[in-house]
Amino acid sequence: SGVKHKRSDAEVEPAQRVLSALRASVANPISTLKIKKLVLEDLQSDDKLILIATMRQLKFAVNVKSGQFRAENAKEIYLLDGQNRVFDVMEKHADDKILQELGLFILANSASSYYALVPAIVNINGMGKIQEALTQNGNERSIQINGFSLLHNLVCNRRVYAEQLVVDYSMAPLIIQRMNEYKHDAGLLYAACNLLKVLCGWENLQMPLLRAKAAFALMRIAFNDDPEHALVKEVSREAIKLSWENIVVDA
């Protein structure tokens, strides 16, 4: 009874196959070489269908379930100057809504997963390019949401970038305008309020935000009776609280 049973090769092989399958199931679903080809080759195509397919694969790469793999894929995009290449595609095909939506999504998720992309995007006039996409596609809900999400990820930890957005690019009125236009859209309102919440956290931005009537827009949402807007109301109230705390009144 004390003799250990030594498994035969016939028993070991299936076990190894199962182990290999398990390892494969937790591997990064898109390889570094694949991302390199997508960014350096496929994004240079003149065929719009190839560009759309390429952008969709990059979207998948930065939206995989694993945070570790999202970060690895975002880092690879950064190392290949993918942020510049994505913006180039968006600018060359400014009339294509799908490419605008995909480009903003890729950059938003990449910037949230790998921080080095934040200054890299800002330093190539990224805010101006985002503003252009938002302005030219006011009736495209997904573009607005992805654009606000990207802006949020750019400014959430950097005061100087928040100042650029509000002061240099004067984007607060555009945010408020979209909140008024999409006043029944909980998804868009959440993205806009989440962005305003970050901006309201900086005391030197209170006057520009007040002039843009941000407080009125936030209060209208905060006291909305629509039950579907519960999460939006919570974020808007947090933004109002931050704004109130950071208002500086000169004696």
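Here are three short exercises with worked solutions on the structure shown above.

This is a predicted model, in which local features need pLDDT of at least 70 and side-chain atom pairs count only at pLDDT 80 or more, while totals for chains, interfaces and linings use all residues. Residues are numbered from 1 along each chain as its sequence is written, and side-chain values use heavy atoms, with hydrogens and water left out.

**Exercise 1: the core**

Find which residues touch the most other members of the largest nonpolar core, and which helix gives the most to this core.

Step 1. Let's start with the overall picture: the protein has 15 helices and 0 strands (helices are DSSP runs of H or I of at least four residues, strands are E runs of at least two, numbered from the N terminus).

Step 2. Of the 251 residues, 44% count as buried (under 20% relative accessible area with a 1.4 Å probe, protein chains only; exposed is over 50%, partly exposed in between).

Step 3. The largest nonpolar core (buried Ala, Val, Leu, Ile, Met, Phe, Trp, Tyr and Cys residues joined through side-chain atoms within 4.5 Å) has 72 residues, and V155, L165, M179 and L199 touch the most other members. Helix α12 (residues 186-200) gives the most to this core, with 10 residues.

Step 4. Take M179: beyond its neighbours within four places in sequence, its contacts (heavy atoms within 4.5 Å) include L189, A192, L196 and L218.

**Exercise 2: a buried asparagine**

Work out what the side chain of N153 reaches.

Step 1. Place N153 in helix α9 (residues 141-155). With a relative accessible area of 15%, N153 is buried.

Step 2. Now look for partners: the N153 side chain comes to 2.8 Å from the backbone oxygen of A108. There is also a polar contact of 3.3 Å with the side chain of H152 (a pair of N or O atoms within 3.5 Å; within protein, one must be able to donate a hydrogen and the other to accept it, and residues adjacent in sequence count only if both atoms are side-chain atoms).

Step 3. Leaving aside neighbours within four places in sequence, N153 touches A108, A111, S112 and V118.

**Exercise 3: one alanine, one phenylalanine**

Decide for A239 and F223: buried or exposed?

Step 1. A239, in helix α15, has 0% relative accessibility and is therefore buried. Beyond four places in sequence, A239 contacts L196, K197, C200 and L218.

Step 2. F223 sits in the loop between α14 (214-222) and α15 (230-246). Its relative accessible area is 63%, so F223 is exposed.
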